[in-house]
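Q: I have a structure open and no background on it. Can we go through the pockets and the ligand?

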Amino acid sequence: MEGYPPAMNLHRNVQKFLDLPLRMKFVLSFLVVILFGGLVSLFFGTRLEHRTIFSQAQAKVRHDLASAWMVYDEKLNDIRDIVLLNARRDSIQAALLAGDRETLLRTLARVRRDFNLDILTITDRFGKVVQRTNLPDIYGDDQSADPLVSRALRKETVTATEIICRPELLKESPDFAERAYLQFIPTPMAAPRPEDHEENGMMLKGAAPILDEQGKVLGVLYGGILLNQNYEIVDRVKEIVFKGEKYKGKEIGTVTIFQNDLRISTNVTDAEGNRAIGTRVSQEVHEAVLRRGVPWVGRAFVVNHWYITAYEPIKNIAGEIIGMLYVGMLEKPYIDLRNSVMLTFTGIAALCTVILLIILFFITSSITNPLRRMVLATNRIAQGDLNHQVRIGFRDEIGQLSHSFNQMTENLKLANENLIQWGKTLEKRVEERTKELREMQDYLLQSEKLRSLGKMAAGVAHEINNPLTSILINTHLMLEKLEKRHEFYENLSLIADETSRCTQIVKGLLEFARQNPPQKTHTNINELIERTTQLLENQASFQNVRIVKELDPDLPAIKLDRNKIQQVFWNLLLNACEAMPKGGQLTISDSLSADKKSIEVHFADSGVGIPKENVNKLFDPFFTTKSSGTGLGLAVSYGIIQQHDGKIEVKSEVGRGTVFTLSFPVEDRRPDSTQKGGAYE
Ligand SMILES: Nc1ncnc2c1ncn2[C@@H]1O[C@H](COP(=O)(O)OP(=O)(O)OP(=O)(O)O)[C@@H](O)[C@H]1O
Ligand SMILES: [Mg+2]
């Protein structure tokens, strides 16, 4: 294969495919179609599925982030309510006016504890701290520059998320500074930062003015919750939004509060199961949310798992971005869902393919089986079995084809039978023709023999006739003169007899040789037979021969040389009687031939019969088996019959008898020739 160029390889493969059996081609073609269709729909189906699942997941995570914001804002509102309500308390106003730090500390410390605040501090109308609830000894510092306090001094009640620098934290509590201090944990995708730790804190803070009855500002009450390593909000969001759902032992939902890009409060856990604070957000999210201030939704690798996440910026009261709120859902359940959908889809597709292939198998079988049967039938017919028929299944095209095929076979069979029949007929005809030809050849041969013999005999007879006549005359003259007692009388008588016999032979020869044209006249053949038999019946030597005549009285008259034909009849009658020396039956019959074209005359005797080897010689001149015969009787008869365009045939069986059959052609019937009893011309 490697030796061929690619185009040729393709051509060879296409050729190979085209040479495959029909069923294989069907199955392969359908398989290609099914696989192509299946793969395309699988590809687009899973993509669509993937998109649907993930866009739904993203919509959910956006929604979850909104819920997280609600919890976050609720917390801010709580702080606002606490500072606002306490700022309006008369006892606090009175204690502030009186400068009673003791009462302020006692009252506010309880409020801070009761409402779980980290700080709760009160200032005077200039923003100078009057009393702190954590470290009461630190006071008198100026907080009027604080954006919330300054707003509260202007009679506003405000809340916000604020960055609190380390010195401020230290003023409130060294614990806070410690909670805020976080060494960065190296995070691969995070944006590079020059510092390696964070020491400031991020706080939910609220501030409310303390007003006297005239509405004059007496001071400010502010409080807050430090978010660093405070997990209340994130866990509450998780509880409300995700309801503690787990997937394979892992929390599905995670929530994080970022200070800048640093995780300060989260329920994302690291490999050991600890909260992953100190790690930082990826550069991509950093860029979008912290720099550009836009929400970010998408897949993100958080700590050590893939999540579907949503981030939004957290802004301080001045609108500066100081951190982010994050909600993320473990991607794994969605991936698994997608995979199982894909698996189910693929399974169904595979099952459908198998079912389709089985159906296809049956469909192709229903098409190819009849075709195969037809191929088998063709083979059998090619081997010569024309009786084979194809089974017709349905009335579809193949059924019609089978029907036509059977009809074709039937026709073929018929044509074949005709051919065989025709062959037989031809053979028979050839046989007949050969027989006719042989007969014609025999006839010609016989005629030729007779002609040459005739010529010779005529010459010899002519030369011998005159001397014989003078011998006979002189012998008779001498006999007349001699007395019977004379010693030569007997010898001379013998000479006279033998010479007479010779004259007889010569006469016969001349008869034979003389080819006189026949003198034909219309003759009734029955009458001619009657006359000849009468002559025979007078012969005393044949008295013990019974003569039976079966003559057809309706025979037409035909043109014959009566004398010659009578001679033929006579020869045949004599031969028959001579063949029955001890007597027997001679049957003479005549009739019209089956085709009515000739009259047949039969001379049947019950004599000795003729041995087979003699049958061919019968018509040869001088052939005789008799001591006193000339062997010219039949030869002469043959010549005469020939002159009448007739035929002479012989059938014989040794010991049973012989039948000589003469046949004379009947001339075209004319009214005058059909008269019964036929008048002689
Ligand atoms: N009806 C017959 N039955 C048996 N043999 C026959 C019959 N007719 C002819 N033959 C045979 O055919 C031979 C030839 O007959 P053909 O009439 O030519 O001569 P022939 O009868 O022998 O002599 P001839 O006619 O001069 O007396 C006969 O010698 C005889 O052997
Ligand atoms: Mg004879």
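**Pockets and ligand**

A: We can start with the largest pocket, where α11 supplies the largest share of the lining, 10 residues. Keep in mind that this is a predicted model.

Q: Which elements supply at least two residues each to the lining of the largest pocket?

A: They are α11 (397-481), β19 (598-605), α16, β20 (647-653) and β21.

Q: How much space lies in the largest pocket?

A: About 1,400 Å³. The pocket has 34 lining residues, and E439, Y638, K647, I648 and E649 are the closest to its centre.

Q: And what is the lining of the largest pocket like by class?

A: It has 13 nonpolar and 13 charged residues, plus eight polar ones.

Q: OK, switching to the ligand. Where is ligand 1?

A: Ligand 1 takes up the space of the second largest pocket. The volume of that pocket is about 1,100 Å³.

Q: Which residues lie nearest the centre of the second largest pocket?

A: N575, E578, K626, G631 and G633, out of 37 that line the pocket. Two or more lining residues come from each of α12 (489-513), α14, β19, α16 and β21.

Q: Which of the elements gives the largest share of that lining?

A: α14 does, with eight residues.

Q: How do the lining residues of the second largest pocket divide by class?

A: Into 17 nonpolar, 15 polar and five charged.

Q: Now closer in. How many residues surround ligand 1?

A: There are 20. The closest are T624, T625, K626, T630 and L634.

Q: What polar contacts are there to ligand 1, starting with T625?

A: A polar atom in the side chain of T625 is 2.3 Å from an oxygen atom of the ligand. Backbone atoms take part as well: an N or O atom of the G631 backbone lies 3.3 Å from a ligand oxygen, and a polar backbone atom of G633 is 3.3 Å from an oxygen of ligand 1.

Q: How much of ligand 1 does the protein bury?

A: The protein buries 89% of the 590 Å² that ligand 1 exposes when taken alone.

Q: Which elements give two or more residues to the shell around ligand 1?

A: Three are listed: α14 (562-578), α16 (633-643) and β21 (657-665). Of the elements, α14 gives the most, with three residues.

Q: Last one: what classes of residue make up the shell around ligand 1?

A: Eight are nonpolar, nine are polar and three are charged.

Notes: Residues numbered from 1 in each chain as written. Chains lettered and ligands numbered in written order. Predicted model: local features only at pLDDT ≥ 70, side-chain atom pairs only at ≥ 80, totals over all residues. Heavy atoms only, no water. Near = heavy atom within 4 Å. Polar contact = N/O pair within 3.5 Å; in protein donor to acceptor, adjacent residues only side chain to side chain. Areas by Shrake-Rupley, 256 points an atom, 1.4 Å probe, with all protein chains shown as cover. 1 Å grid on protein atoms, 1.4 Å probe; cavity = no way out; pocket = protein on both sides within 12 Å on 5 of 7 lines; lining within 4 Å. Sits in = over half its atoms within 2 Å of the grid points. Helix = DSSP H or I, 4+ residues; strand = E, 2+ residues; numbered from the N terminus. Nonpolar A, V, L, I, M, F, W, Y, C, P; charged D, E, K, R; others polar. Points joined across faces, edges and corners; volume = space filled by probe spheres on them.
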